[in-house]
Amino acid sequence: MKIFTSAQIHELDKYTIENEPISSLDLMERAAKTLAQAVMKLYTTSTPVVVFAGPGNNGGDALALSRLLAEKGYEISVYLFNISGKLSPDCAANKTRLQENKYIKNFIEVVEEFDPPRLEQDMLVIDGLFGSGLNKALAGGFASLVKYINSSPAQIVSIDVPSGLMTEDNGFNVRANIIRATTTLTLQQPKLAFFFPENQSFIGQLRVLDIRLSQDGIDKIDTPYNVVEEEQVRKLLLERSPFAHKGQMGNALLIAGSYGMAGAAVLAARACMRSGVGKVTVNTPKRNIPILQTAVPEAVVQIGSEETIFAEAIDTEDFNALGVGPGLGQSEQTAVALIAQLRRAQCPTVADADALNILGNHRAWMQQLPQGIILTPHPKEFDRLEGHCADSYERLTKARNLAIRIKGYIILKGHYTAICQPDGNILFNPTGNAGMATAGSGDVLTGILTGLLARGYKPQDACVLGVYLHGLAGDLASQELGEESLLASDIIRYLPQAFKRLKE
């Protein structure tokens with residue numbers, strides 16, 4: 001699914017109007033009917049509705065919605081804010097339709113002073129003040145109105161975008177002047193801002209409504225932002241020959257686990273084995289050997305040169321993929337060995353956890369990373385690599401630029417993990433849940449990615465499939481176990497079911 005910028009949303013509307021063809025007013029009516037159906041599913045006619053409409057097309061949507069709800073028996077009070085004396089043509093047309101409708105009993109056009117209505121807990125507020133075209137923070141009277149609505153106990157449904165929230169960059173926005181919706185009914189496509197954690201308190205429950213904008217237009221408009229879909233992932237799966245043997249299924253190398261952090265190596269190794277690879281070798285310090293051989297008997301354990309840390313780069317010629325970082329530690333000796341290991345890597349490579357922290361402490365080393373490398377930082381790890389980011393939009397922009405610069409892949413982990421590719425495209429992953437916010441979850445992802453690379457997947461496909469499977473296994477685990485008690489090892493346990501679901 002594509003994610004469009006505000007300019008592209010306007011372009012798609014225009015394309016639909018010209019090529020369906022359909023008038024802009026009829027397209028607004030179609031959107032309003034879809035909005036009305038969504039509202040009626042959520043609230044009964046016994047719920048009093050107060051509508052706040054702005055002077056643009058978002059306000060036009062709100063006016064059309066008000067008329068349709070009134071005709072269905074809802075008690076509607078409408079406030080149209082026309083402070084400048086200039087309404088968009090479609091908003092003006094819907095104002096006329098509303099005034100002529102016999103079911104509307106309370107319509108006020110605000111041109112100067114505004115006496116706000118009392119908003120009670122049993123009421124519904126429809127927010128149609130400003131939509132996706134907003135490009136600056138709300139101020140003055142509109143900011144005061146937003147604060148008044150937010151302070152009320154009423155339920156709030158926002159049309160398309162909560163008023164005050166910009167569709168992409170909110171770095172310079174005034175967060176107190178943004179509607180905090182109970183539900184956001186967005187039209188046709190989700191907006192980029194909806195994928196950032198700091199904006200979730202404004203969006204509430206998100207519902208994407210299909211208003212039948214031109215599919216041809218959607219296909220023709222290029223965007224670097226997309227959401228991964230299950231059918232897309234299913235097509236990536238490689239077939240396993242009935243005559244396959246382990247030598248054909250790939251040989252993965254994991255460099256993981258300083259003394260006291262053997263668990264990270266265990267989790268990565270188990271996940272790697274569950275990802276379909278033929279053979280896994282774990283390079284780990286001497287003191288971790290009994291733990292690894294007991295916990296992961298299927299893996300080959302390669303004894304490191306030191307008792308407690310990774311201290312010497314090893315040859316990767318015999319391996320099909322390398323994963324490095326889980327539980328590695330950050331001693332200077334380990335740091336030197338890490339960059340030597342990355343420089344001499346002869347196979348696709350995943351770097352995570354302490355490998356990222358070491359690179360964050362030695363930023364000049366980023367220039368020496370092999371092309372096609374996969375880095376899997378969470379937000380704090382990424383900020384150590386590229387400097388502090390004020391918000392998720394800035395972080396995503398930096399991650400995209402870093403992927404282009406190093407000609408590699410940045411998997412920026414989060415609720416909607418973003419896969420930033422070297423061609424500048426970004427894929428958001430829809431699977432996963434809050435129960436996966438637990439120690440070791442990232443080690444599991446490293447193991448999955450390394451296993452898929454060794455199995456023969458191209459780096460781009462391994463990133464998409466690996467992140468999707470990781471989240472899907474977490475979702476399947478949470479369905480049975482709940483989110484509160486979810487462990488990283490549960491994600492591994494449900495990986496077979498995740499694979500099975502995709503193959504079915």
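## Aspartate 90 and strand β15

Leaving aside residues up to four places away in sequence, aspartate 90 touches Ser24, Leu25, Met28 and Asn57. The model is predicted. Aspartate 90 lies in helix α4, which spans residues 89–100.

One of these neighbours also makes a polar contact: the side chains of aspartate 90 and serine 24 meet at 2.8 Å. Aspartate 90 is buried, yet it has no salt bridge. The nearest side chain of opposite charge belongs to arginine 97, 8.3 Å away. A salt bridge needs a side-chain nitrogen of Lys or Arg within 4 Å of a carboxyl oxygen of Asp or Glu.

The second site is strand β15, residues 409–412. Tyr409 and Ile411 point one way from the strand, while Ile410 and Leu412 point the other way. In a regular strand the side chains alternate between the two faces of the sheet. All four residues named for β15, Tyr409, Ile410, Ile411 and Leu412, are buried.

Strand β15 pairs with strand β14 and with strand β16, as tabulated here.

| Strand paired with β15 | Residues | Sense | Bridges |
|---|---|---|---|
| β14 | 374–375 | parallel | two |
| β16 | 418–420 | antiparallel | three |

On the β14 side, leucine 375 has isoleucine 410 of β15 as its bridge partner. On the β16 side, isoleucine 411 stands opposite isoleucine 419. The connection from β15 to β16 is a hairpin through five residues.

How values were computed
Residues numbered from 1 in each chain as written. Predicted model: local features only at pLDDT ≥ 70, side-chain atom pairs only at ≥ 80, totals over all residues. Heavy atoms only, no water. Buried < 20%, exposed > 50% of the residue type's maximum accessible area, 1.4 Å probe, protein only. Lys, Arg positive; Asp, Glu negative; His and termini not counted. Polar contact = N/O pair within 3.5 Å; in protein donor to acceptor, adjacent residues only side chain to side chain. Contact = heavy atoms within 4.5 Å. Pairing = 2+ DSSP bridges.
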